[in-house]
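Reader: I've got a chain open on my screen and I'd like to talk through how it is put together. Can you walk me through it?

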Amino acid sequence: MHLAMKRLSSFLGGQWLAGSGAAVALTNPTTEAAIAEVCSTGYDLAAALDYGRRTGRAALRELSFAQRGELIATMAKAIHGAREELIALAVENGGNTRGDAKFDIDGAAATLSHYAELGAKLGNSTLLADGDAISVGRTARMAGQHVWVTRPGVAIHINAFNFPAWGLAEKAACALLAGMPVLSKPATATALVTHRLMEILAPLLPAGVLQLLCGSAATLLDFARPGDVIAFTGSSGTAKALRAHPNVIEHALRLNIEADSLNAAVLAPDVDLSSETGQLFLGDVTRDMTQKTGQKCTAIRRVMVPSERLDDVAAALCERLDAIVVGDPSRDDVRMGPVATANQFRDVRAGITRLAAATDSVRGGTGELAAPRGVDNGKGYFINPVLRSTRDAHNCAALHDHEVFGPVSTLAAYDGTATDAAALVARGEGGLVASAYSDDREWTTRFVVDAAAWNGRLFLGSAKMAAQSPGPGTVLPSLIHGGPGRAGGGEELGGSRGLAFYMQRCALEGDATVLKAIVGGAA
Ligand code: NAP
């Protein structure tokens with residue numbers, strides 16, 4: 001019997017609609033079998049955005065921060081309730097191990113819960129005071145007060161393939177709490193999880209508050225209007241095209257970009273590898289190389305090590321990487337699955353070849369893997385974890401300028417000073433996160449002073465925090481996520497800071513008692 005291929009529809013204008021045109025297949029990266037398809041032409045995207053602006057905005061406008069928080073809490077609970085089903089889809093469509101899938105799906109629920117709690121704290125208001133009232137006249141009667149108000153349009157969210165659940169949730173949490181309706185577009189290749197998520201969430205939300213576009217968004221920004229905002233996560237190539245979009249330029253549309261990042265980890269000279277801090281460092285590098293098969297925007301790509309310690313670190317990391325079983329991610333004895341798509345496989349192998357021309361091999365050659373566990377011969381997009389090294393880090397452009405989005409890292413020798421380490425970190429031209437491992441406070445302070453301006457977040461690993469550390473690769477909703485330069489120049493999350501993108505700051509000028517009444521309910 002021939003079973004029809006599952007076709008992913010889009011939830012637009014309050015209905016599930018099937019697209020038309022050529023079908024794009026979604027595959028299982030372990031078996032290479034097609035598991036679903038998406039057709040993305042034939043949608044009236046102008047009408048969908050307009051539906052969000054009118055119907056979705058009207059629903060949210062009626063709700064206070066606390067009530068929006070309740071809605072977001074409902075979303076978090078629903079995702080948690082569907083956890084097992086979503087994990088199974090992530091294993092099938094994303095090549096995720098169960099642990100990888102939990103990272104995405106539990107991360108989605110936790111981020112929504114964080115913003116639900118923030119909503120409760122912000123209370124019954126619909127606008128936020130920014131600081132206190134100030135006197136701007138001869139007497140206290142004439143006052144000024146900054147406020148944040150919801151922007152009038154729709155929030156267009158475009159996400160990368162690696163976090164199909166968290167990507168939708170972390171952006172939607174901020175936008176919805178701020179009061180903006182959302183149209184979310186997952187990466188096509190791994191849209192199965194997001195599509196199911198939307199099927200679960202759609203019945204729980206007021207009309208127009210959350211829409212989903214499955215398939216290409218090539219023409220979506222043609223219909224963006226003043227008041228809309230766009231939050232994008234993906235490659236710097238696509239980011240460049242969005243920045244240059246005529247509508248973005250014409251209407252000065254707000255555009256937040258989370259793009260490539262060559263995140264660095266630095267081992268300080270005071271740390272012995274057998275110490276708690278040394279073990280934290282080795283564990284974090286190994287986890288970041290292999291969790292989600294290295295397809296994390298925050299994963300460590302460059303590892304700075306004092307030159308006389310390079311061989312010891314290489315040996316210790318090889319021992320840990322050798323213990324990672326690569327293969328069918330649905331098996332309990334497998335720790336790392338394939339990369340998500342055939343394109344990813346090609347890109348990662350090409351990136352390793354580029355690195356190989358400029359660095360020495362430590363482990364994994366150029367990524368060939370003879371026999372992934374539990375996989376039919378020759379099938380699947382599997383890559384052996386690759387560790388490379390260079391003793392000439394300042395002159396190794398390939399190390400600093402090309403993100404290989406897979407299980408690949410390079411050890412780079414530095415002279416042991418925090419200033420030299422920070423100078424190498426800066427060669428990445430802007431990153432999401434850099435980590436430094438040291439129990440020497442003076443060294444750490446110097447590193448922070450020199451490196452912070454190049455990074456959205458600095459993770460400071462030490463013996464005192466090791467037992468509680470989530471590692472640098474985990475994005476926490478309470479801390480900002482984003483980074484300058486190559487990382488896109490964007491900023492998401494960070495508790496209430498994450499709302500700012502979706503709100504307009506407006507300075508009110510007038511009678512002090514009027515201003516006080518206006519912000520009376522504001523937190
Ligand atoms: P990508 O190819 O740039 O795609 C990202 C998203 O943009 C997808 O949803 C894609 O849709 C969409 N897109 C492509 N062309 C478009 C256009 N002309 N107009 C509107 N949308 C368009 O990136 P990816 O391969 O999915 O993700 C990998 C990259 O994302 C890596 O470089 C990684 O560093 C980066 N990343 C960054 C972060 C972060 O937080 N900073 C997080 C995760 C990933 P289709 O799938 O339909 O083509």
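Author: Sure, and one term comes up front: buried means under 20% relative accessible area, while exposed means over 50%. Keep in mind that this is a predicted model.

Reader: Then let's use that right away. Is Leu 493 buried or exposed?

Author: Leu 493 sits in strand E21, residues 492-493. Its relative accessible area is 2%, and the cut-off for buried is under 20%. So Leu 493 is buried.

Reader: What is phi of Leu 493 near?

Author: Leu 493 is a residue other than glycine, yet its phi is positive. The value for Leu 493 is near 60°.

Reader: Ala 252 has a positive phi too. Is Ala 252 buried or exposed?

Author: Ala 252 is in the loop between helix H8 (246-250) and strand E12 (254-258). Its phi is about 45°, although it isn't a glycine. Ala 252 has 64% relative accessibility, and since exposed means over 50%, Ala 252 counts as exposed.

Reader: On to helix packing. How do H3 and H6 run, roughly parallel or roughly antiparallel?

Author: Helix H3 covers residues 83-94 and helix H6 covers residues 191-201; their axes are 8 Å apart and the angle is about 160°. Angles over 145 degrees count as roughly antiparallel. That makes H3, relative to H6, roughly antiparallel.

Reader: And which residues of H6 make the contact with H3?

Author: The crossing of the two helices is right-handed. On the H3 side, the contact uses Glu 85, Leu 86, Leu 89, Ala 90, Glu 92 and Asn 93. By class, the contact residues split into 8 nonpolar, 1 polar and 3 charged. From H6 come Ala 191, Leu 192, Val 193, Arg 196, Leu 197 and Ile 200.

Reader: H2 and H5 pack as well. What is the class make-up of their contact?

Author: H2 and H5 pack at about 155° with axes 8 Å apart, which makes H2 roughly antiparallel to H5, and their crossing is right-handed. H2 brings Phe 65, Arg 68, Gly 69, Ile 72 and Met 75, while H5 brings Ala 173, Leu 176, Leu 177 and Ala 178. The contact of H2 with H5 comes out as 7 nonpolar, 1 polar and 1 charged.

Reader: Which element gives the largest share of the largest nonpolar core?

Author: That core has 68 residues, and those with the most contacts inside it are Ile 79, Leu 201, Leu 499 and Tyr 502. Elements giving two or more residues to this core include H2 (65-81), H3, H4 (98-122), H5 (166-178) and H6. The largest share is 10 residues, and it comes from H5.

Reader: How many residues are in the other core?

Author: This other core lies apart from the largest one, and Phe 281, Val 285, Tyr 437 and Ala 487 are among its members. Its residue count is 28.

Reader: What about Thr 410: which residues does it touch?

Author: Thr 410 lies in strand E17, residues 408-414. With a relative accessible area of 1%, Thr 410 is buried. Leaving out residues up to four places away in sequence, Thr 410 touches Arg 301, Arg 302, Val 303, Leu 355, Thr 359, Arg 388, Ser 389, Thr 390 and Leu 399.

Reader: Last one: how many Å apart in space are Glu 319 and Phe 11?

Author: Glu 319 belongs to helix H10, residues 310-322, and counts as exposed at 63% relative accessibility. Glu 319 and Phe 11 are 308 residues apart in sequence. In space, C-alpha to C-alpha, they are apart by 48 Å.

Methods: Residues are numbered from 1 along each chain as its sequence is written. This is a predicted model: local features need pLDDT of at least 70, side-chain atom pairs count only at pLDDT 80 or more; totals for chains, interfaces and linings use all residues. Side-chain values use heavy atoms; hydrogens and water are left out. Axes are lines fitted to C-alpha atoms, for helices over the stretch in contact, and angles run from 0 to 180 degrees between N-to-C directions. Helices (H or I, at least four residues) and strands (E, at least two) are DSSP runs, numbered from the N terminus. Angles under 35 degrees count as roughly parallel, over 145 as roughly antiparallel, 65 to 115 as roughly perpendicular and the rest as oblique. A crossing is left-handed if the near helix is turned anticlockwise from the far one by less than a right angle, and right-handed if clockwise. Contact means heavy atoms within 4.5 Å. Ala, Val, Leu, Ile, Met, Phe, Trp, Tyr, Cys and Pro count as nonpolar, Asp, Glu, Lys and Arg as charged, and the others, Gly among them, as polar. A nonpolar core is a set of buried Ala, Val, Leu, Ile, Met, Phe, Trp, Tyr and Cys residues joined through side-chain atoms within 4.5 Å. Buried means under 20% relative accessible area, exposed over 50%, partly exposed in between (1.4 Å probe, protein chains only).
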